[in-house]
Amino acid sequence: MTSRDKKLWQEMPSLPDFNYVSGEVYTQPEIFKKEQDKIFSKTWHFVCHESELSKLYDYRVYDYTGKSIFSIRGEDGIVRSFFNVCSHRGAKLFSMPSGNAKRIKCFYHHWMYNSKGACTGIPRPSAYSDTEVKKEKMGLREIRTEVYLGMIFINLSDESENLHSYIGNALDDLSETMSMQPLEVFHYNKILIHSNWKAWQETNMDIYHEFMHVVLRKTQVNAMPMEDRKLSIFKNGHGGSGASLKASYTNYKGFANRKDEVGPLPGMSVSDFKFMNIFPSLTIIARGTAIRIDNVIPLTPHTAVIEMRGIGVMGESDEDRRARQKHHNQYWGPFGRNVPEDIIAAESCAESYRGSAGKYQIISRDEDGTGQDDIILRSFYSEWALHLGINPGSLKEIK
Ligand code: FES
Ligand SMILES: [Fe+2]
């Protein structure tokens, strides 16, 4: 018999821990809740690139773990973040997704705040005399905010390690590319996907699926020997390319002239390709001439928002910018040759697990950290297990 009956289909694979994952990690509301509490409320979360808050008092508002939060560049040039919640009765201070605000006035009863989160004004305060309610004590709830390679992150926990230590060496191979010249965001789009957040994140960690993309079959699969590829994992569950991978654009219509259209980013050649996943839900991909940053925000067990940014060189000529945008959008962007196919894959897997037809997914490819090894996926799920105290395959508690 080559097919499997119900019993065989439901049997746990006889593979080592973290080489397979139960479909229930994508569907169970209790697991989703634990992820929100034990992962997303304790790890560093990418908010935006610093070029998006370039001027004093620029702010951006976003939702994260069900909370509305804003980050603002203060009068001293430092970016800080706060719950988007008035200290008085909880009204949202900002309703627009971004803008510039020297003073922050709550629309409801006009309490005032400054860009450092201090309460600077309470109308008719005498009615609160002899109580705790005085502006000196009514500041906003601040959230830890740190910057790394131009990327602004927040952490809802006051106890977690600092951002530098959290990232460790994971971005060393991208640091020249991301720090030698000032960079800026030239593309932003947001996608609501009908999939668990992990099914999307897996598309950025799973190299084996490159056959799915015709553009990668033509430009990447044969661009270098599989055994010469190097994948690396780092502490805290981060993982990606350990050194530049190669792409060759000559075989793909419309891509062949890439090397003549705009210079590469610092530390790369046009044909270089690097990627790194920062646990749990950030991916940075540099493809010779442009960078893509993906940020996944889980909404429910079955939905997530992906924010996608394209990054290029600040102050470059219009001609260079157009070429960089083209290179970015040919692969990525909402109509690129790559991203829409990944969405189909993530939603397809998630749908199988949602209906309980899918039982286990296998992540056991072993190529000694080269080629299309699943090492990054295994590292991700090992870290996930550490936070949740659950084995992702058996769903048993880890003592
Ligand atoms: S809720 Fe903001 S001033 Fe009253
Ligand atoms: Fe993909």
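# Strands, helices and a loop: worked exercises

In E17, Met 276 has Ile 284 as its bridge partner. Before we build on that, some ground rules: this is a predicted model, where local features need pLDDT of at least 70 and side-chain atom pairs count only at pLDDT 80 or more, while totals for chains, interfaces and linings use all residues. Residues are numbered from 1 along each chain as its sequence is written, and side-chain values use heavy atoms, with hydrogens and water left out. Helices (H or I, at least four residues) and strands (E, at least two) are DSSP runs numbered from the N terminus, and two strands pair if DSSP finds at least two bridges between them.

**Exercise 1.** Trace the pairing from strand E16 through E17 and E18 to E19.

*Solution.*
- Start with E16 (residues 272-278), which pairs with E17 in the antiparallel sense over five bridges. Three residues make the hairpin link from E16 to E17.
- Next, E17 (residues 282-287) and E18 are antiparallel too, with six bridges. Leu 282 is partnered by Asn 295 in E18, and Arg 287 by Ala 290. Two residues separate E17 and E18 in their hairpin, and Gly 288 in the turn has a positive phi of about 65 degrees.
- Finally, E18 and E19 (residues 303-313) pair antiparallel over nine bridges. Ile 291 has Ile 311 in E19 as its bridge partner, and this hairpin also has two residues between its strands.

**Exercise 2.** Work out how enclosed E17 and E18 are.

*Solution.*
- Fix the cut-offs: buried means under 20% relative accessible area, exposed over 50%, and partly exposed in between (1.4 Å probe, protein chains only).
- In a regular strand the side chains alternate between the two faces of the sheet.
- Now sort E17: Leu 282, Ile 284 and Ala 286 point one way, Thr 283, Ile 285 and Arg 287 the other way, and all are buried. That's six of the six residues, so E17 is largely enclosed by the rest of the structure.
- For E18 (residues 290-300), nine of the 11 residues are buried, so this strand is largely enclosed as well.

**Exercise 3.** Describe how helices H2 and H10 pack.

*Solution.*
- Get the geometry: H2 (residues 29-40) and H10 (residues 375-388) pack at about 85 degrees, with axes 9 Å apart. Axes here are lines fitted to C-alpha atoms, for helices over the stretch in contact, and angles run from 0 to 180 degrees between N-to-C directions.
- Classify the angle: 65 to 115 degrees counts as roughly perpendicular, under 35 as roughly parallel, over 145 as roughly antiparallel and the rest as oblique. H2 and H10 are therefore roughly perpendicular to each other.
- List the contacts (heavy atoms within 4.5 Å): Ile 31, Lys 34, Glu 35, Lys 38 and Ile 39 in H2 meet Trp 384, His 387 and Leu 388 in H10.

**Exercise 4.** Place Tyr 208 in its surroundings.

*Solution.*
- Locate Tyr 208: it sits in the loop between H5 (197-203) and H6 (214-219).
- Check exposure: at a relative accessible area of 42%, Tyr 208 is partly exposed.
- Find the neighbours: leaving aside residues up to four places away in sequence, Tyr 208 touches Arg 365 and Gln 372. The C-alpha atoms of Tyr 208 and Asp 373 are 7.2 Å apart, though the two positions lie 165 residues apart in chain numbering.

Conventions: Chains are lettered from A and ligands numbered from 1 in the order in which they are written.
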